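Reader: I'm new to looking at protein models, and I'd like to learn how to read one feature at a time. Could you walk me through it?

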Amino acid sequence: MKRAFILAEAAQTVLPRLHGSCSTSQTPFSFVLTKSTFNRCFRDISGQSPHSPLPARVPGSIIDLFIDKLSNPEPSPREDLDLRVSKLRDELVQYVDRLDEATRVLEEKADSLIKISADGRAFVELLKQLSSSPHFALEVFKWRRNHSEHGNPMTSEEYSQGITLAGRLKRVDLACNIFDEAAGKKVKATSIYNALMSAYMYNGLAEKCQLLFRDLKTDTDCAPSITTYNILISLFGRLMLVDHMEAAFQEIKHLNLSPTTTTYNNLIAGYLTAWMWTRMENTFQMMKVGLVKPDFNTHLLMLRGYAHSGKLDKMEETYELIKDYLNEKKIPSILTMICAYSKSHAKDRVKKIEALMKFIPENQYRPWLNVLLIQVYAQENSLEHMESLINLAFEHQTIVLSSRIMRCIIATYFQCNAVDRLAIFVERAECAGWKMCRSLYHCKMVLYGLEKRLEEMESVLNEMDNIQMNWTKKTFWILYKSYSTWGPRYKVEQVVGLMCKHGYEIPLEASSS
């Protein structure tokens with residue numbers, strides 16, 4: 001190869017000189033050299049005597065002699081192994097629902113792969129490439145596990161991958177069984193401990209995870225790695241045990257282990273879960289000035305942190321940094337930002353929310369998001385948008401049980417003086433099982449009273465009786481105000497009598513008259 005580059009450099013020096021003597025109708029590399037011309041030129045450069053005569057037909061460029069070899073080098077053994085793994089994966093995924101056929105393919109092609117990869121790397125890579133179908137990947141692991149009895153023992157990394165798959169599928173009992181098998185066969189390693197600790201953590205078995213960590217520390221053949229402490233930090237962060245999480249980080253320093261990006265990301269995630277925004281920010285700044293720089297996942301975590309803490313400027317700044325790389329993670333980030341804007345009092349929050357909603361597929365209905373947007377538009381007194389979303393909620397049989405949301409809806413109808421539309425909404429909400437609060441009916445009574453529709457106002461009392469909702473002092477006060485303004489005098493006296501009967505204080509002007 002080195003010799004090829006030397007000859008190529010020589011050719012690059014010679015060809016321009018030769019090109020000067022060629023016909024103008026030819027391209028630089030389309031001429032044909034004679035033997036004497038080539039020998040003379042080469043002798044001028046090297047200072048050596050001419051070589052043996054060349055063939056009558058010489059390529060147009062010496063570089064062409066080597067271009068095939070340079071552009072198509074032989075694959076390395078590792079590249080060849082990766083290629084074989086990928087081909088086996090492609091064949092296996094065709095039989096995800098046909099385990100008998102998948103077993104046949106494994107018997108025919110996986111055996112040779114296992115033999116040429118004694119360290120287990122090939123099969124571990126195969127399992128990782130199949131991890132998008134964890135149930136199928138676990139079946140492939142089971143085949144490997146059974147096959148290990150025929151002279152091809154499993155490695156610690158293969159056992160670790162099996163434990164990881166079992167943990168993802170919430171098969172903790174199987175993960176423990178695999179761990180015990182590895183220990184019985186004397187192939188136990190730190191990676192196997194880490195895999196089982198992860199399985200315990202993801203399945204909410206925090207106590208077992210910590211007990212296993214203590215076992216690892218007392219194991220004379222293994223020692224905790226940085227991955228072990230990353231798992232511990234993540235575990236404590238999920239449980240909001242910030243003191244324990246920080247103690248684990250200090251132990252990393254004490255053992256002279258090198259923190260990784262995952263280490264800091266887990267710390268940030270823990271602070272985020274505990275809503276400790278200052279420590280979250282300090283950890284992020286530590287990464288920016290330190291040797292371990294923030295990665296894409298770090299910025300995703302910070303985006304969430306800024307959104308939850310209401311720091312919209314920093315949230316928007318972080319989003320601009322990573323928005324072109326979000327891909328499948330774009331939707332969760334968009335939803336986080338929408339939630340942040342919905343809680344803010346920014347004047348242009350609706351405009352920003354609508355811009356973000358364009359990234360949410362219309363066919364992906366999310367009940368909580370729809371209700372959140374109902375509240376936002378209600379707070380903005382945007383009646384048309386609010387009712388459009390309410391209709392969508394009714395269509396998807398979403399049930400709203402929050403009094404706060406209902407009060408926002410009521411306030412919008414009141415501000416827009418839309419009593420007839422409010423009446424339709426109340427009727428539909430009753431049928432749909434939404435939270436019925438007294439404010440709904442009081443609002444209808446007030447609006448009917450303002451429009452002098454006293455009979456319809458009185459009918460609201462019947463509606464309240466139908467759902468066994470008691471009249472209160474406020475109910476009588478609404479009746480009194482309406483009748484004293486628009487109604488006959490005897491109606492006012494009837495209301496005052498009912499107020500006395502129920503023990504409510506009567507208006508001062510009623511007693512004086």
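Reader: Let's start with Glu246: what is its relative accessible area, and how do I read that number?

Author: The general idea is a scale: buried means under 20% relative accessible area, exposed means over 50%, and partly exposed is in between (1.4 Å probe, protein chains only). Glu246 has a relative accessible area of 22%, so Glu246 is partly exposed. Before we go on, this is a predicted model, where local features need pLDDT of at least 70, side-chain atom pairs count only at pLDDT 80 or more, and totals for chains, interfaces and linings use all residues. Also, residues are numbered from 1 along each chain as its sequence is written, and side-chain values use heavy atoms, with hydrogens and water left out.

Reader: Got it. Which residue does Glu246 form a salt bridge with?

Author: A salt bridge is a side-chain nitrogen of Lys or Arg within 4 Å of a carboxyl oxygen of Asp or Glu. Here the partner of Glu246 is Arg279, and the closest N and O atoms are 2.8 Å apart. This pair ties together distant parts of the chain, since Glu246 sits in helix H13 (residues 242-254) and Arg279 in helix H15 (residues 277-289), 33 residues apart. Arg279 is partly exposed too, at 36% relative accessibility.

Reader: And what do those H numbers stand for?

Author: They're DSSP runs, numbered from the N terminus: helices are H or I with at least four residues, and strands are E with at least two. The protein chain has 28 helices and zero strands.

Reader: How many salt bridges are there by this rule?

Author: The count comes to 23 salt bridges. Try Lys352 and Glu316, whose side chains meet at 2.9 Å, N to O. That pair also links distant parts of the chain: Lys352 is in helix H19 (residues 349-357), Glu316 is in helix H17 (residues 312-322), and they are 36 residues apart. Lys352 is partly exposed at 28%, and Glu316 is partly exposed at 22%.

Reader: Where else could I look?

Author: Glu320 forms a salt bridge with Lys323, with the closest N and O atoms 3.0 Å apart. Glu320 is partly exposed at 48%, and so is Lys323 at 30%. Salt bridges can also share partners, and in this way Arg98, Glu101, Arg104 and Glu108 are joined into one network.

Reader: Now Glu281: buried or exposed?

Author: Buried, because Glu281 has a relative accessible area of 11%. Glu281 lies in helix H15. Its side chain makes a polar contact with the side chain of Gln285 at 2.7 Å. A polar contact is a pair of N or O atoms within 3.5 Å; within protein, one must be able to donate a hydrogen and the other to accept it, and residues adjacent in sequence count only if both atoms are side-chain atoms.

Reader: Which residues does Glu281 touch, leaving out those up to four places away in sequence?

Author: Contact means heavy atoms within 4.5 Å. On that basis Glu281 touches Met302, Tyr306 and Lys314. You can do this with Val140 as well, which is found in helix H7 (residues 134-147). Val140 counts as buried, at 1% relative accessibility. With residues up to four places away left out, Val140 touches Leu106, Phe123, Leu126, Leu127 and Leu130. The C-alpha atoms of Val140 and Leu106 are 8.2 Å apart, though the two residues are 34 apart along the chain.

Reader: What about the whole chain?

Author: Buried residues make up 43% of the 513 residues. Among contacts between residues at least 6 apart in sequence, 60% join residues at least 24 apart.

Reader: Last one: which residues line the largest cavity?

Author: On a 1 Å grid over the protein atoms alone, a cavity is a set of points where a 1.4 Å probe fits but cannot get out, and lining residues have an atom within 4 Å of a point. Grid points are joined across faces, edges and corners, and a volume is the space filled by probe spheres set on the points. The whole structure has one cavity of 30 Å³ or more, and the largest cavity has a volume of about 40 Å³. Its lining is Ala307, His308, Thr336, Cys339, Ala340 and Lys343. Helix H18 (330-343) and helix H16 (296-309) each supply at least two of these residues, and the largest share, four residues, comes from H18.

Technical notes: On a 1 Å grid over the protein atoms alone, a cavity is a set of points where a 1.4 Å probe fits but cannot get out, and a pocket is an open set with protein on both sides within 12 Å along at least five of seven lines; lining residues have an atom within 4 Å of a point.
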